[in-house]
Amino acid sequence: MRLSTLWLRCVTVAFTSLAAVCVSAGDTLVERLPQGAIVSAELNDAAVLIERLRASEALKTIVDSEPYKKWANSGDGRKFRGGRAVLEGQLGLNLWDAATRLIGDRVAVALYAPTPGKQPDGVLVIHLGDAEAGTLIREKVQPWIELADGQVITAEQDGRWLLETKDGKAFGGLQQRWLVLSSTRGLRDDTFARLSDFTPGDSAQNRVRAARLSATLDNAALRAASGKDRLIPSKVDNPLGSLLIGGLAEAAALCPTLQADVTIGEN
């Protein structure tokens, strides 16, 4: 099983440039995803980021800038506004509120080693921002499914609304506040099974108001998938670079799991 050299380098560089640490197990959403993921990430309380961005002076500065106004009046800008209007009309919400309700609580994603000649498989799990968001999604998606003329197959099973494309390339499911999207039926069904006894914890209203992004690389699994004993070079050509990151790179190369965390509070 071989991974493309470019993909390997991108993953390796991204994680080597971050503070890498050996991580221990904890009861996080990403750890409830099917086992064997090479790369995974979890975002908690994205509503904090959405609110900060919406009210930020930086956004106002960008919108008031001449380059943005020029783009807004271009063909692409008009297409964007038209698409946004259609989407907001379909949802019955502006995009800010829609983002908060859909991804404002907890989101996790994982990629798995590809089989020869295929793309990596993946799964995306969203714990919706409120209990009514699931009903809203189903109400808005159902008409499009009917328009697809049999290209999307739906079913009810164990309290879940399951979907899959007729060509078997995409799968989804909705159960209360859990939304699961995946590239295979097995990943979708396994994910729902693993979430059956998982309690996300305190509600977003009771947690500390801070968004947290956590990304994890299974170094051992990546080495096994690539067929290589070591992915991070043992030496850096630049002496200064070797001095600054040599120890970090060596630790990252030997550590079975690497994790990077970023936390952004309200202030």
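This passage describes the overall make-up of a predicted model and then several of its residues and elements in turn.

The chain has 267 residues, of which 34% count as buried. Its secondary structure consists of 10 helices and nine strands. Among contacts between residues at least 6 apart in sequence, 67% join residues at least 24 apart. The mean pLDDT of the chain is 78, and 70% of the residues reach 70 or more. Confidence is not even along the chain, for pLDDT stays under 50 over residues 1–26. For this segment the model has 51 contacts beyond four places in sequence. Where pLDDT is low, the predicted coordinates should not be read in detail.

Strand 1 comprises residues 37–44. Seven of its eight residues are buried, so strand 1 is largely enclosed by the rest of the structure. Strand 1 has pairing partners that include strand 2 and strand 8. With strand 2 (residues 106–112), strand 1 runs antiparallel and is joined by seven bridges. With strand 8 (residues 210–218), the pairing is also antiparallel and extends over six bridges.

Within strand 1, the residue E42 illustrates both pairings. E42 stands opposite A108 in strand 2 and opposite S214 in strand 8. The relative accessibility of E42 is 5%; because this value is under 20%, the residue counts as buried. Not counting residues up to four places away in sequence, E42 touches T28, L29 and V30, R106, V107 and A108, and R212, L213 and S214. Polar contacts of the E42 side chain were also found. A polar atom of this side chain lies 3.0 Å from the backbone nitrogen of V30, and the side chain of N44 makes a polar contact with that of E42 at 3.5 Å.

Helix 5 spans residues 75–91 and contains 17 residues. The distance from its first C-alpha to its last is 24 Å, close to the 24 Å expected at 1.5 Å a residue. The residue that follows helix 5 is G92, which has a positive phi near 75°. Inside helix 5, E88 forms a salt bridge with R84, with the closest N and O atoms 3.0 Å apart. The two residues are four places apart in the helix, and therefore about one helical turn separates E88 from R84. An α-helix has 3.6 residues a turn, so residues three or four places apart point the same way. R84 counts as partly exposed, at 30% relative accessibility.

The structure holds 11 salt bridges, among them the pair just described. In another, the side chains of D130 and R101 meet at 2.8 Å, N to O. D130 lies in the loop between strand 3 (121–127) and helix 7 (133–147), whereas R101 belongs to helix 6 (residues 95–103), so the pair ties together parts that are 29 residues apart in sequence. D130 counts as buried at 18% relative accessibility, while R101 is partly exposed with a relative accessible area of 24%. A further salt bridge joins the side chains of R188 and D189, at 3.0 Å from N to O. In this pair R188 counts as buried, at 3% relative accessibility, and D189 is partly exposed, with a relative accessible area of 30%.

The final site considered is D167, which is placed in the loop between strand 5 (160–165) and strand 6 (171–175). D167 has a relative accessible area of 53%; because this value is over 50%, the residue is classed as exposed. The side chain of D167 nevertheless has polar partners. One is the side chain of T165, with which D167 makes a polar contact at 2.6 Å. In addition, the backbone nitrogen of K169 lies 3.1 Å from a polar atom of the D167 side chain. D167 and Q151 are 16 residues apart along the chain, and their C-alpha atoms are separated by 7.8 Å.

Key: Residues numbered from 1 in each chain as written. Predicted model: local features only at pLDDT ≥ 70, side-chain atom pairs only at ≥ 80, totals over all residues. Heavy atoms only, no water. Buried < 20%, exposed > 50% of the residue type's maximum accessible area, 1.4 Å probe, protein only. Polar contact = N/O pair within 3.5 Å; in protein donor to acceptor, adjacent residues only side chain to side chain. Expected span 1.5 Å × (residues − 1). pLDDT = per-residue confidence, 0-100. Contact = heavy atoms within 4.5 Å. Pairing = 2+ DSSP bridges. Salt bridge = Lys/Arg side-chain N within 4 Å of Asp/Glu carboxyl O.
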